[in-house]
Structures are given as C-alpha cells and as structure tokens.
Amino acid sequence: MGQSHGTESAVGQTPEEPPSVAMANGDDANGLRKVLATFKSCLDEKQEVLMDPYLEGWKGLVRFLNTMGAIFSFVSKDAVAKIQIMEDFRSGEQKENYVSIHAMVKYELDNNLVDLKKQDFYPTSGTRTILRLHRALRWLQLFLEGLRTSGPETRTSVVCTEAYNASLANHHPWIIRKATTMAFYTLPAREAFYANMKVGDQDEAVEMLGEALPSLKQIYDVTEALYSQHDLLSLP
C-alpha cells in the first residue's frame with residue numbers, strides 16, 4: 001500500500017506514464033453524454049460512491065479533455081496516473097476494501113494507511129489519491145456549468161479561469177496558478193467544446209449538460225461530505 005508511484009511534480013503529476021495512458025489516448029467515440037451518465041451510476045442504495053464507475057467516468061473525462069489538445073494536460077495526465085493507482089488497489093489483495101470511496105476511507109483510516117500530517121509512508125494512499133481526483137472533478141463541473149450558463153459573448157478562457165480559481169487554484173503554488181491561467185487564453189471558442197461533446201448542436205449540448213451535471217455535483221457533494229466528516233480535505 002505504501003509503495004511509491006514516482007516523485008510528484010507541483011501539480012501532483014508523476015513523470016512516468018502508467019498503463020492507463022492507453023485509455024487517455026483512446027477515441028472519445030461515445031461523447032460526453034455517456035461519460036456523464038457513468039457518473040450517474042456511481043451512487044449505490046446507501047448513497048456511497050462506487051469506485052469502478054467513478055474511475056470509468058474519469059477515463060471518459062480524460063478522453064474528452066484530450067480532444068481539446070494539450071491545454072488541459074495539467075489535469076488529464078495527473079488524472080491518468082491517479083486512475084492507475086486506484087485500479088491497482090481494485091485489482092490487489094485488498095480489492096474488496098476499495099469497492100467504494102466510503103469503504104476505502106474506512107479501511108485506510110482504521111489501518112493507519114493515510115499520511116494525515118505530512119507525506120511519509122503512504123504518499124499514494126487511496127484516500128489521498130481520490131482527493132486529488134475529487135478536486136479536479138470540482139473544477140471540471142464548474143467549467144462545464146459555466147459553459148452551459150454563460151452568454152455567447154463570454155470567452156471560454158474567462159469561464160475556465162473562474163472555475164479554476166474556485167477549485168484547483170486553491171491547491172496550487174503561485175507559479176503553477178500563473179502558468180495555468182495564462183495558458184487558458186489559448187482555449188478555443190465554445191463551439192469547439194460543444195462539437196467535441198458529440199451530442200448534436202449547441203442547444204442539444206446545453207440541454208445535455210443541464211440534465212447531466214447535477215449528478216456530477218451530487219458525486220462531488222457526497223465525497224466532499226465524507227472527507228469533511230473525517231477531516232481529510234487538506235491531506236498533504
């Protein structure tokens with residue numbers, strides 16, 4: 001559990017490309033509708049977040065981000081590494097303890113497998129790894145919601161920067177924040193994002209987001225509440 005998966009950069013990204021990189025480079029033939037529907041299936045009857053559909057949903061989000069070019073690699077490459085870590089847990093000896101995010105948190109806390117104060121013996125604990133994906137999910141949810149609700153005169157760079165400043169920027173050092181927000185100025189127009197969602201025209205894309213994004217927010221809220229309950233939102 002405590003083995004290292006490589007030295008992390010300032011944004012939490014490992015330099016090695018794990019096997020899941022093939023997933024990230026795959027074709028996003030099914031479009032964003034199916035990806036967001038996968039997240040809708042994450043919650044079980046106990047309102048616990050199931051790990052497998054959560055990771056599948058993230059794989060689809062990575063493919064979508066990669067259709068927009070290298071601009072979002074600061075999120076997608078890190079997500080690929082984190083997905084691989086979690087898939088290793090799901091195929092390991094303790095896989096039943098990782099069937100859901102809730103089961104994982106209980107198991108790792110009960111067995112002292114989480115570095116609570118500083119990175120030490122368990123830099124790639126499942127609890128820490130999911131927290132990084134959780135933060136990125138908030139940014140993406142806010143960005144897509146901003147695309148859906150903002151007027152056509154609002155630049156995508158503005159929408160993306162506002163979403164970033166309300167989420168991931170809070171966990172990045174100044175130099176990363178500066179470089180990231182500068183890079184957002186090269187984002188394509190919103191028409192390109194709608195086209196890559198592969199759900200039809202702009203009106204259909206906006207309608208799809210309106211139907212799907214509440215589920216994404218629900219997954220975020222349930223995970224946020226779990227981590228807050230155990231005082232895990234600021235893990236090093």
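Student: In which helix do Arg148 and Glu145 both lie?

Tutor: In this predicted model, Arg148 and Glu145 form a salt bridge whose closest N and O atoms are 2.7 Å apart. The two residues are three apart in the sequence, about one turn of the helix. The helix that holds both of them spans residues 126-149 and is helix α6.

Student: Is Arg148 buried, partly exposed or exposed?

Tutor: A residue is buried under 20% relative accessible area and exposed over 50%, with partly exposed in between. Its partner Glu145, at 23%, counts as partly exposed. Arg148 has a relative accessible area of 29%, so this residue is also partly exposed.

Student: Which residue forms a salt bridge with Asp221?

Tutor: The pair lies in helix α10, with the two residues four apart, about one turn of the helix. Asp221 is partly exposed at 34% relative accessibility, and its partner is partly exposed at 35%. The closest approach, N to O, is 2.8 Å, and the partner is Lys217.

Student: How many residues apart in sequence are the parts that Lys59 and Glu87 tie together?

Tutor: The side chains of Lys59 and Glu87 meet in a salt bridge of 2.5 Å, N to O. Because Lys59 belongs to helix α3 (residues 51-66) and Glu87 to helix α4 (residues 73-90), the pair ties together parts of the chain that are separated in sequence. The separation is 28 residues.

Student: Is Lys59 buried or exposed?

Tutor: The cut-off for buried is under 20% relative accessible area. Glu87, at 22%, is above this limit and therefore counts as partly exposed. Lys59 has 13% relative accessibility, so Lys59 is buried.

Student: Which residue is linked with Lys59 and Glu87 in a network of salt bridges?

Tutor: Side chains of opposite charge can pair when their charged atoms come close. The structure holds seven salt bridges. Lys59 and Glu87 belong to a network of salt bridges together with a further residue, Glu56.

Student: What is the separation of the C-alpha atoms of Phe64 and Met197?

Tutor: Phe64 lies in helix α3 and is buried, at 1% relative accessibility. Phe64 and Met197 are 133 residues apart along the chain. Their C-alpha atoms are nevertheless separated by 7.4 Å.

Student: How many disulfides does the structure hold?

Tutor: A disulfide requires two cysteine sulfur atoms within 2.5 Å. Cys42 is buried at 0% relative accessibility, and Cys160 is likewise buried at 0%. The number of disulfides in the structure is zero.

Student: Which residues form the negative surface patch?

Tutor: One member of the patch is Asp203, which is placed in helix α10 (residues 202-229). Asp203 has a relative accessible area of 60%, so this residue is exposed. The complete patch consists of Asp201, Asp203, Glu204, Glu207 and Glu211.

Student: How many helices are there in the protein chain?

Tutor: Read along the sequence, the chain follows the pattern α-α-α-α-α-α-α-α-α-α. The number of strands is zero. The number of helices is ten.

Student: What percentage of the residues in the protein chain is buried?

Tutor: A residue counts as buried under 20% relative accessible area. Phe64, at 1%, is one of the residues that meet this limit. Of the 236 residues in the protein chain, the buried share is 49%.

Note on methods: Residues are numbered from 1 along each chain as its sequence is written. This is a predicted model: local features need pLDDT of at least 70, side-chain atom pairs count only at pLDDT 80 or more; totals for chains, interfaces and linings use all residues. Side-chain values use heavy atoms; hydrogens and water are left out. Patches are made of residues with over 30% relative accessible area and no salt bridge: like charges are joined within 9 Å, nonpolar side chains (Val, Leu, Ile, Met, Phe, Trp, Tyr) within 5 Å. Accessible areas come from the Shrake-Rupley method with a 1.4 Å probe; for residues, only the protein chains shown count as cover. A salt bridge is a side-chain nitrogen of Lys or Arg within 4 Å of a carboxyl oxygen of Asp or Glu. Lys and Arg count as positive and Asp and Glu as negative; His and the chain ends are not counted. The place of a charge is taken as NZ of Lys, CZ of Arg, CG of Asp or CD of Glu. Buried means under 20% relative accessible area, exposed over 50%, partly exposed in between (1.4 Å probe, protein chains only).
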